[in-house]
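The exercises below are to be worked through with the sequence and the model side by side. Each task is followed by a solution that goes step by step.

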Amino acid sequence: MTTKINAISIVLPVFNEEDGILNTIEVLENFVSCQIETYELIFVDDGSVDSSVDIIRQAQSQYDNIKLVEFSRNFGHQLAITAGIRYATGDAVVVMDADLQDPPSVIPNMIEKWQEGYDVVYGKRLIREGESFFKLFSAKAFYRVMRKVANIDIPLDTGDFRLMDRKVVDALSKLNEPEPFVRGLVSWVGFKQTAVSYERQERTSGVTKYPLSKMLRLATDGITAFSEIPLKIVNYVGVISILAGFLYGLVTTFTGISTLTFAITLMLLLSGSIMLALGIIGDYLYRTFDASKHRPQYVVAQSYGFAKRPNNIHA
Ligand code: UDP
Ligand code: MG
């Protein structure tokens with residue numbers, strides 16, 4: 001028996017998107033069917049507590065290329081993407097948001113680059129419509145810090161909207177990090193990569209599912225997974241503190257100046273630096289501990305519309 005291979009798989013992570021998901025499905029089905037002969041839409045429901053799953057299930061009776069993976073709870077956007085690409089059977093896989101912020105009209109440009117021979121075509125945001133000043137500023141700052149500190153080359157202003165060739169998807173699917181930073185891992189696996197620029201749209205409906213806490217988590221996952229610079233900073237702070245203490249000792253020995261305020265300031269500075277250092281080391285240590293538990297990355301409650309269970313789904 002030959003399994004039907006879909007040319008393009010589109011992976012969409014979904015978390016409480018009941019307001020807009022039907023529109024996303026309709027826009028994609030109308031637009032993509034004019035561009036690509038064979039494709040599948042893989043929705044990964046990341047523990048939605050609204051009617052997103054019901055809406056996708058209903059749409060499955062109308063469109064036979066819709067597939068759904070349902071997580072047992074909210075495991076996070078990055079793990080939803082990770083699961084989706086493991087289930088994908090396409091020769092290339094596109095990852096995009098389920099809220100139409102990543103415009104489907106960019107997909108043909110991505111496919112064109114893929115056909116020219118690129119293995120990864122990532123979307124580079126030129127502008128981002130309808131996002132708060134804080135989000136724009138923090139995202140810009142994060143990508144720049146990440147670029148400076150990461151020990152791999154992560155492109156600037158690039159989210160998870162991208163097309164990946166089958167060989168990239170196979171390489172990514174083998175990685176098993178508990179808190180994956182997918183865009184970093186895509187750079188890590190290598191292959192021939194290029195960008196297409198696009199204008200990120202405003203959400204068509206609903207609100208962002210990325211509150212500040214999730215954004216910070218993503219940023220620390222990215223930095224700790226791809227950089228040891230925070231640990232180096234701990235070292236530098238230690239060295240600077242030792243030098244400052246030594247200097248202070250010299251000054252007090254030779255001049256006899258001993259001001260309580262100075263001593264207290266120094267003490268606060270040093271104890272603060274030690275706590276900060278412990279926190280940074282603890283963060284890395286926790287991640288090592290987390291990885292050593294060897295738990296599956298996520299748990300799939302149900303999957304619908306797949307011919308067979310893939311053997312690398314880790315659930
Ligand atoms: N998402 C998810 N799990 C989460 C948070 C978000 O699967 O815990 C999905 C969400 O439904 C959307 C995509 O990930 O399809 C990106 O999230 P969102 O659009 O809220 O982020 P933003 O575009 O505001 O950065
Ligand atoms: Mg979005």
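**Exercise 1. The ligand shell**

Into which classes do the residues of the shell around ligand 1 divide, and which residues are the closest?

Solution. In this predicted model, the shell divides into six nonpolar, five polar and five charged residues. Ligand 1 is surrounded by 16 residues, and the closest are Pro13, Phe15, Asp46, Thr208 and Lys209. Strand 1 and helix 3 (77–87) are the elements that give two or more residues to this shell.

**Exercise 2. The chain as a whole**

Describe the chain by its elements, its extent and its contacts.

Solution. Begin with the elements: the chain has 10 helices and eight strands. Next take the extent, where the C-alpha trace spans about 85 × 40 × 35 Å along its principal axes. Of the 315 residues in the chain, 31% are buried. Finally, among the contacts with a separation of 6 or more, 84% are accounted for by residues 24 or more positions apart.

**Exercise 3. The sheet**

Establish the order of the strands in the open sheet, and explain why strand 7 and strand 8 each have one side left without a neighbour.

Solution. The eight strands of the open sheet follow the order 7-5-6-4-1-2-3-8, and their pairing is mixed. Strand 7 (193–200) and strand 8 (300–304) stand at the edges with a single partner strand each, so one side of each has no neighbour in the sheet. From one strand to the next, the twist averages 20 degrees.

The pairings can then be followed through the sheet, given that strands pair through backbone hydrogen bonds, either parallel or antiparallel. Strand 1 (residues 8–14) and strand 4 (residues 92–95) run parallel and are joined by four bridges, and within this pairing Val11 has Val95 of strand 4 as its bridge partner. Strand 4 also pairs with strand 6, here in the antiparallel sense and over four bridges, with Val95 standing opposite Arg162 of strand 6. Strand 6 pairs in the antiparallel sense with strand 5 as well, again over four bridges, and Lys124 has Thr158 in strand 6 as its bridge partner. Six of the eight residues of strand 6 are buried, so this strand is largely enclosed by the rest of the structure.

**Exercise 4. Helices across the sheet**

Which strands does helix 2 lie across, and which does helix 7 lie across?

Solution. Helix 2 (residues 52–62) lies across strand 1, strand 2 (39–45), strand 3 (66–71) and strand 8, and runs at about 155 degrees to strand 3. Helix 7 (residues 182–189) lies across strand 5 (120–128) and strand 6 (158–165), and runs at about 40 degrees to strand 6.

**Exercise 5. The span of helix 8**

Check the end-to-end distance of helix 8 against the span expected for its number of residues.

Solution. Helix 8 (residues 212–226) has 15 residues, which at 1.5 Å a residue should span 21 Å. The C-alpha atoms at its ends are 21 Å apart, in agreement with the expected span. Within helix 8, Asp221, Gly222 and Ile223 are buried.

**Exercise 6. The surroundings of Val169**

Is Val169 buried or exposed?

Solution. Val169 has its place in helix 6 (residues 166–173). Because 24 other C-beta atoms lie within 10 Å, and the cut-off for a buried residue is 20 or more, Val169 is buried. Neighbours within four places in sequence left aside, Val169 is in contact with Ile85, Ala88, Val93 and Met164. Ser48, by contrast, is 121 residues away along the chain, and the C-alpha atoms of Val169 and Ser48 are separated by 26 Å.

Terms used: Residues numbered from 1 in each chain as written. Chains lettered and ligands numbered in written order. Predicted model: local features only at pLDDT ≥ 70, side-chain atom pairs only at ≥ 80, totals over all residues. Expected span 1.5 Å × (residues − 1). Buried ≥ 20, exposed ≤ 12 C-beta atoms within 10 Å, placed from the backbone. Pairing = 2+ DSSP bridges. Axes fitted to C-alpha atoms, helices over the stretch in contact; angles between N-to-C directions. Contact = placed C-beta atoms within 7 Å. Near = placed C-beta within 6 Å. Nonpolar A, V, L, I, M, F, W, Y, C, P; charged D, E, K, R; others polar.
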